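Biologist: I am new to this one. Show me the structure, and then let me ask how each label is earned.

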Amino acid sequence: MSGPADLSAGAADQFVDHALGLNWADIPQAARDAAKTFLHDTLCVGVAGSVAPNAAAILSVAQSWGQGGPCSVLGRGDLRLPAASAAYVNAFQIHCQEFDCVHEPAVLHPLATIVSALRAEAERSGPYTGQDFLTAMIAGVDVAVGLGLAPTEPLRFFRPATAGVFGSVAALARLRRLDRAVALDAFGHALGQASGTMQAHVEGKPALPVQVANAARAAIVAVDLAVAGVKGPQRSIDGPFGYLTLFEGGVELEPVLRDLPTIRRITEVSWKPFPTGRAAHGGLVALQALMAEGLSAANLQSLEFTAPPLIKRLVGRPARPGMDVAYARLCLPWLAAVVLTSGEIRLGDFTPERLADPALQALAERVRVLEEGTNPAAFTPLRAAAVTHDGVKITAEVIDMLGSPACPLSPDQHMQKARRCLAHAGLEASHEQLAAAIAGLDTLDDVAPGLRI
């Protein structure tokens, strides 16, 4: 078990020491269970992503770098790629539909990068036990989330990619049990490849999940460079030109480092019950509550969501004729229009016909997103207030996001989401085998076969 943090050492040293020192025997049962649950969720979401818009193009690009190799791609049968390319494609597929799990306070999707990198490594250089795989995953989440929790100012860069590459390197270092000096070099190479701009989010472009794909690929490359003996910067996190200095504004790193030995961040991760930006979820749940009170598409005059500034910033954009899928997933007014007409959001709702539907566009124009409060990372509280054509006002409030640790999905809801994801790619028949493999993952001597689907 990792010991007390040495606050005199550099942050990279402390993150590396934590990752290399974490042992399965010392991980609480709640963290073990959460790791299995969110690994299952991530793999199923990644399978659904194999048939998402742009997934074929991403695969084609990766294949142009070289085909064949030891590593499989989620939902694509016998197709094989080199490790870095497989990590790239899988990470894109996991994040491209905005359905992968999220750590809300860190504003970070930790497993798209970490699972993609670990899965490729397990197939390339294994065998690795299920316990080592899950321990590495948990350690990687601790590092990525820690880097997301340290900032005290609003999001500047796209953390699932920028912090995700370091979490993935930490996970790979633990899985391969790298020498400490080699792991520090790998962190240094991660710094040289860290990237991810919020401009893709602002414009609603599919470049957003490409950045996640880049981070997973970069983690494999960073470790390979370090193992080959190429030296990397040592103060990659808190140096004068380190990650936090360059990518974040104000930072309080000491509390994060102090918590490393005792808090397993995987237990703080949230499911996404809808395939949309997480910032839209509170509004959609509130809208479903309003509909239970009688609100409908036919009687809606106006609808206002009032929420912390992050909600307005991330999903408060207006619906636009001709918008593409990536933009629509991050457009709360349009998503609200879909829920008003069908009761929920499904993977199959983002078709060209739906995106071009003038009735949905007209309905979305009756929806506004307002901001209130100052917390730069808060998703709640959120209030929804609707006025009907006959002047009746209906309100609802969301305090805890559905899928969060405070309001988790039930086991049945989790399994229903998993089956729907697999069915979206025509692979629902694989669910029982995958679920059984994940449930018993910590008993496996070779984890790789259990993660293939």
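**Labels and their reasons**

Modeller: Start with Arg265, which is buried at a relative accessible area of 9%. Keep in mind that this is a predicted model.

Biologist: Why is Arg265 called buried?

Modeller: Buried means under 20% relative accessible area. Arg265 has 9%, so Arg265 is buried. The residue sits in the loop between α13 (254–259) and α14.

Biologist: What does Arg265 touch, not counting residues up to four places away in sequence?

Modeller: Arg265 touches His103, Val141, Asp142, Val145, Leu149 and Asp259.

Biologist: How do you know whether Gln361 is buried or exposed?

Modeller: Its relative accessibility is 11%. The cut-off for buried is under 20%, so Gln361 counts as buried. Gln361 belongs to helix α19 (residues 358–364). Leaving out residues up to four places away in sequence, Gln361 touches Ala319, Arg320 and Pro321.

Biologist: And what makes Thr341 partly exposed?

Modeller: Thr341 has 43% relative accessibility. Partly exposed lies between the 20% and 50% limits, so Thr341 gets that label. Thr341 is found in helix α17 (residues 332–342).

Biologist: Which residues does Thr341 touch, not counting residues up to four places away in sequence?

Modeller: Ala297, Arg354, Leu360 and Leu363. As for Gly75, Thr341 is 266 residues from Gly75 in sequence and 31 Å from Gly75 in space, C-alpha to C-alpha.

Biologist: Now the helices. Why are α6 and α8 called roughly antiparallel?

Modeller: Helix α6 (residues 130–149) packs on helix α8 (residues 164–176) at about 150 degrees, and their axes are 7 Å apart. Angles over 145 count as roughly antiparallel, so α6 is roughly antiparallel to α8. The crossing of α6 past α8 is right-handed.

Biologist: Which residues of α6 and α8 meet?

Modeller: On α6, Asp132, Phe133, Thr135, Ala136, Gly140, Val143, Ala144 and Leu147. On α8, Phe166, Gly167, Ala170, Ala171, Arg174 and Leu175. This contact of α6 with α8 has nine nonpolar, three polar and two charged residues.

Biologist: What makes α5 and α11 oblique?

Modeller: Helix α5 (residues 111–125) meets helix α11 (residues 207–227) at about 45 degrees, with axes 8 Å apart. Roughly parallel needs under 35 degrees, and roughly perpendicular needs 65 to 115. An angle of about 45 degrees fits neither, so α5 and α11 are oblique. Their crossing is right-handed.

Biologist: Which residues make the contact of α5 with α11?

Modeller: α5 supplies Ala112, Thr113, Ser116, Ala117, Ala120, Glu121 and Arg124. α11 supplies Val212, Ala215, Ala216, Ala219, Ile220 and Asp224. Sorted by kind, the contact of α5 with α11 has eight nonpolar, two polar and three charged residues.

Biologist: On to the strands. What is the order of the four strands in the open sheet?

Modeller: The order is β4-β3-β5-β6, with mixed pairing.

Biologist: Why do β4 and β6 stand at the edges?

Modeller: β4 (367–371) and β6 (393–398) each have a single partner strand, so one side of each has no neighbour in the sheet. Neighbouring strands of this sheet are turned by 15 degrees on average, direction ignored.

Biologist: How do you know that β3 and β5 pair?

Modeller: Pairing takes at least two bridges. Strand β3 (residues 300–307) and strand β5 (residues 382–388) have six, in the antiparallel sense. One partnership links Leu300 with Thr388 of β5.

Biologist: How many bridges join β5 to β6?

Modeller: Six, and β5 and β6 run antiparallel. Ala384 has Ala396 as its bridge partner in β6. β5 and β6 form a hairpin with four residues between them, and Gly391 in the turn has a positive phi of about 90 degrees.

Biologist: Which side chains of β5 are buried?

Modeller: Leu382, Ala384, Ala386 and Thr388 point to one face and are buried. Arg383, Ala385 and Val387 point to the other face and are not buried. In general, side chains of a regular strand alternate between the two faces of the sheet.

Biologist: Which strands does helix α14 lie across?

Modeller: Helix α14 (residues 281–292) lies across β3, β5 and β6. α14 runs at about 135 degrees to β6.

Technical notes. Residues numbered from 1 in each chain as written. Predicted model: local features only at pLDDT ≥ 70, side-chain atom pairs only at ≥ 80, totals over all residues. Heavy atoms only, no water. Helix = DSSP H or I, 4+ residues; strand = E, 2+ residues; numbered from the N terminus. Axes fitted to C-alpha atoms, helices over the stretch in contact; angles between N-to-C directions. Contact = heavy atoms within 4.5 Å. Left-handed = near helix turned anticlockwise from the far one by under 90°. Nonpolar A, V, L, I, M, F, W, Y, C, P; charged D, E, K, R; others polar. Buried < 20%, exposed > 50% of the residue type's maximum accessible area, 1.4 Å probe, protein only.
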